[in-house]
Amino acid sequence: MPIPPESPSVRNEEAPAEELQSNTHHPPAPADELFDITTTVDPSYIISLIRKLLPANVKCGEISLGYDAHDASTEGPKTENFVEQSVNGKLYFQNKHEDVAVGKEDWEESGCILWDLAASRTHAEFMEISLGIIGNLACHDVSRRKITSTNGLIGTVLEQLFLDDAPCLCEACRLITLFLQSEESAFLVEALQSEHILCRVLWIIENTLNLQLLEKSISLLLAIAESKQDVATILLPPLIKLGLPRILVDLLSVEISKLIEERLPERYSFLDLILQTVEALSVMDEYSQEICSNKGLFQLLTQLIKLPDKADFANSCISASVLTANILTDAADLALEISQDLLFLQGLLDVFPFASDDIEARSAVWSILARLLIQIQKTEMSPSNLHQYVSVLTSKSEVVEDELLNYDVDDTSEDHERSAKLTARSFALNGIVELLSRWRTLEGQVKGNLSMEGCYVNEGDVDKMLHYCYKCTNSSAGELMNKPTIYKP
């Protein structure tokens, strides 16, 4: 239907007095200058059309809340407030408690104009606020329950996933995520478990170039992975079947590549969300094997940990360390591959300061370090290689010392967990002591020549590190289990 040629402002000025009177209970339209939209249609006109879809006799709030305004004591929603009336052959919708009816033709006319306006991207974006409003309502328990009780509303929201409009998709993903994180999560499962819908969600994640949509869609996956057990049990198997692990690894590869090429702060959150989702899967018995056997994932994690200057993406490095510890627990042979990587050893020690408030993350770092040093001790090393290991360890001596002096194993842990954590740390410290002691047996001339080659080791740092490593291993020796077990965070 074509847009009326006259402007909305003219229509309002020339409107009959009775029409103006009937609309006085509606809030006034925002001024045109409040909208930063380049368009030939006044946004207030769009608002006026939306208003016309409401019965003119209904005060603000009655329809949106669905309660009987004439009975304040009513606690439940009234689903039959409006009835059809036929007058002179025309169909009207009328509120049971009011005398004025609104013509169906008026509804159709306003709706058709809105339909035409929606063909314009600018106007469509302006009208996308409806999904956002529902999303905001879903943040509150009462209104969220109202949404679930509204027949067909969730299905309509899920249909928006098949639009190609990024803002609409963002709001749809946000709304679904809010429900998955709420007590009403089970309500959504039946509608969401359709393979058709899950395929679309994964397609959006793989193909979108919109940064906001990428974040919202990955957050949706994380919400599924961290949802209640019954929800995850239903939704994760089809997602795994549709290739979720591969998609997560591909996304991680893209983000790490971008991080190496150019550090863009706006992308750090994507990296963190992806790693959190993978980590959530890695601790589930049903999926841990598939995650831990993915060699590409392991290589990406070690690549991330090796990166210098971690402050801006420290949370991602912590997640990567926990994931690496989990993988090495199930695939111990991979420790041999990284035991010869001095950059990885250095990068791993650099994680300690950022994990200072996370006992599980620190335990994960000790677990990885213990496995590496056990492999290193089994290796025949030349004096040059030994010197390089000692150089890396002593260059991070203050980091290790601070970790040992300022923090201890969490006393609230279960006995077996505490023993495992102490065992991992004890094995790591014993490995450090063994390497430093072996280095001290080298002839002074050999050590001097190696330091001259650019790999410097300060003997005072070696002695100091040996001292506090001995002290910590002796203090915890009485608490260790007879059979060493590396802790799995």
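**Reading helices and a loop in a predicted model**

Me: I'd like to learn to read this structure. Where does Ser 257 sit?

Reply: Ser 257 lies in helix H15, which spans residues 244-261. Keep in mind as we go that this is a predicted model.

Me: Is Ser 257 buried, partly exposed or exposed?

Reply: Its relative accessibility is 32%. Buried means under 20% and exposed over 50%, so Ser 257 counts as partly exposed.

Me: How far is Ser 257 from Gln 303 in sequence, and how far in space?

Reply: In sequence, 46 residues separate Ser 257 from Gln 303. In space, their C-alpha atoms are 9.9 Å apart.

Me: Let's go to helix H18. How do the axes of H18 and H19 meet?

Reply: For a helix pair, look at the distance and the angle. The axes of H18 and H19 come within 9 Å and cross at roughly 135°. That angle makes H18 oblique to H19, and the crossing is left-handed.

Me: Which residues make the contact?

Reply: From H18 come Leu 297, Phe 298, Leu 301, Leu 304 and Ile 305. H19 brings Ser 316, Cys 317, Ala 320, Ser 321, Leu 323, Thr 324, Ile 327 and Leu 328. Sorted by character, the residues of this contact are 10 nonpolar, three polar and no charged.

Me: And what does Thr 302 touch?

Reply: Thr 302 is also placed in helix H18. Leaving aside residues up to four places away in sequence, Thr 302 touches Ile 338 and Phe 344. Thr 302 is buried, with a relative accessible area of 9%.

Me: Now the loop after H18. What should I look for in phi?

Reply: Start with the general idea: most residues other than glycine have a negative phi. Here, Asp 309 has a positive phi, near 50°, and is not a glycine. Asp 309 is in the loop between helix H18 (295-306) and helix H19 (314-330).

Me: Is Asp 309 buried or exposed?

Reply: Asp 309 is exposed, with a relative accessible area of 63%.

Me: Last one: how do I spot the buried side of a helix?

Reply: An α-helix has 3.6 residues a turn, so residues three or four places apart point the same way. Try this on helix H24, residues 397-406, where the buried residues are Ser 397, Val 400, Glu 401, Glu 403 and Leu 404. These residues cover an arc of only 160° around the axis, which puts them on the same side of H24.

Me: Which exposed residues does the face turned away from that side carry?

Reply: That face of H24 carries the exposed residues Glu 398, Leu 405 and Asn 406.

Definitions and conventions. Residues numbered from 1 in each chain as written. Predicted model: local features only at pLDDT ≥ 70, side-chain atom pairs only at ≥ 80, totals over all residues. Heavy atoms only, no water. Buried < 20%, exposed > 50% of the residue type's maximum accessible area, 1.4 Å probe, protein only. Helix = DSSP H or I, 4+ residues; strand = E, 2+ residues; numbered from the N terminus. Arc of directions from axis to C-beta. Axes fitted to C-alpha atoms, helices over the stretch in contact; angles between N-to-C directions. Parallel < 35°, antiparallel > 145°, perpendicular 65-115°, else oblique. Left-handed = near helix turned anticlockwise from the far one by under 90°. Contact = heavy atoms within 4.5 Å. Nonpolar A, V, L, I, M, F, W, Y, C, P; charged D, E, K, R; others polar.
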